[in-house]
Amino acid sequence: DKELAIYKGRCERYPNNLVFKYDLGVRYRMVGQYQDAIRELMTPTTPSANTPSRMSRRSVGIFAGPGDV
C-alpha cells in the first residue's frame, strides 16, 4: 500500500516524531496489521526538543514577563 509506505518512510526519517509513529500505527490498524500497529503505538521514545509539550513550555517563556516563568 502506497500510503503505508509513505508513513513508514516518515518514521524512518524522523524516528523521534511521535505523531508520525501514531499515524503509522493507525494505518496499520486500518489494514488489519494489528501486531505492527501495537508495535508502533507502544514504542517507547524519548521526547525530542520539538515535541509539543516542550515547544509550548518554550513559548511561554517568550510571552511571560519577568518572574512569571
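User: Hello! Before we start, when do two aromatic rings pair, and how many aromatic pairs are there by this rule?
Analyst: Rings of Phe, Tyr and Trp, the last by its six-membered ring, pair if their centres lie within 6.5 Å. Please keep in mind that this is a predicted model. By this rule, the count comes to one aromatic pair.

User: Which residues make up the largest nonpolar core, and which helices give two or more residues to this core?
Analyst: Seven residues make up the largest nonpolar core: Leu4, Tyr7, Cys11, Phe20, Leu24, Tyr28 and Ala37. The elements that give two or more residues to this core are helix 1 (2-13) and helix 2 (18-30).

User: Is Ala37 buried or exposed?
Analyst: Let's place Ala37 before we judge: this residue is found in helix 3. Its relative accessibility is 5%, and buried means under 20%. Ala37 therefore counts as buried.

User: What does Ala37 touch beyond its neighbours in sequence, and how far is Ala37 from Val26 in space?
Analyst: Leaving aside neighbours within four places in sequence, Ala37 is in contact with Gly25, Tyr28 and Arg29. Ala37 and Val26 are 11 residues apart in sequence. From C-alpha to C-alpha, the distance between Ala37 and Val26 is 6.5 Å.

User: Why does Glu40 count as buried, and which residues does Glu40 touch?
Analyst: Glu40 has its place in helix 3, residues 34-42. Glu40 counts as buried because its relative accessibility is 11%, and the cut-off is under 20%. Not counting residues up to four places away in sequence, Glu40 touches Lys21, Leu24, Gly25 and Tyr28.

User: Why does Arg27 count as buried, and which residues does Arg27 touch?
Analyst: Arg27 lies in helix 2. Arg27 has 19% relative accessibility, and buried means under 20%, so Arg27 counts as buried. With residues up to four places away in sequence not counted, Arg27 touches Glu3, Leu4 and Tyr7.

User: Which rings does the charged end of Arg10 sit over, and at what distances from their centres?
Analyst: A charge of Arg sits over a ring if CZ is within 6 Å of the ring centre and within 35 degrees of the ring normal. For Arg10, one such ring is that of Tyr7, with the charged end 5.1 Å from its centre. Another is the ring of Phe20, where the distance to the centre is 5.6 Å.

User: Which residues does Phe20 touch?
Analyst: Phe20 is one of the residues of the largest nonpolar core. If residues up to four places away in sequence are not counted, Phe20 touches Arg10, Cys11 and Tyr14.

Note on methods. Residues are numbered from 1 along each chain as its sequence is written. This is a predicted model: local features need pLDDT of at least 70, side-chain atom pairs count only at pLDDT 80 or more; totals for chains, interfaces and linings use all residues. Side-chain values use heavy atoms; hydrogens and water are left out. A nonpolar core is a set of buried Ala, Val, Leu, Ile, Met, Phe, Trp, Tyr and Cys residues joined through side-chain atoms within 4.5 Å. Buried means under 20% relative accessible area, exposed over 50%, partly exposed in between (1.4 Å probe, protein chains only). Helices (H or I, at least four residues) and strands (E, at least two) are DSSP runs, numbered from the N terminus. Contact means heavy atoms within 4.5 Å. Rings of Phe, Tyr and Trp (its six-membered ring) pair if their centres lie within 6.5 Å; planes under 30 degrees apart count as stacked, over 60 as edge-to-face and the rest as tilted.
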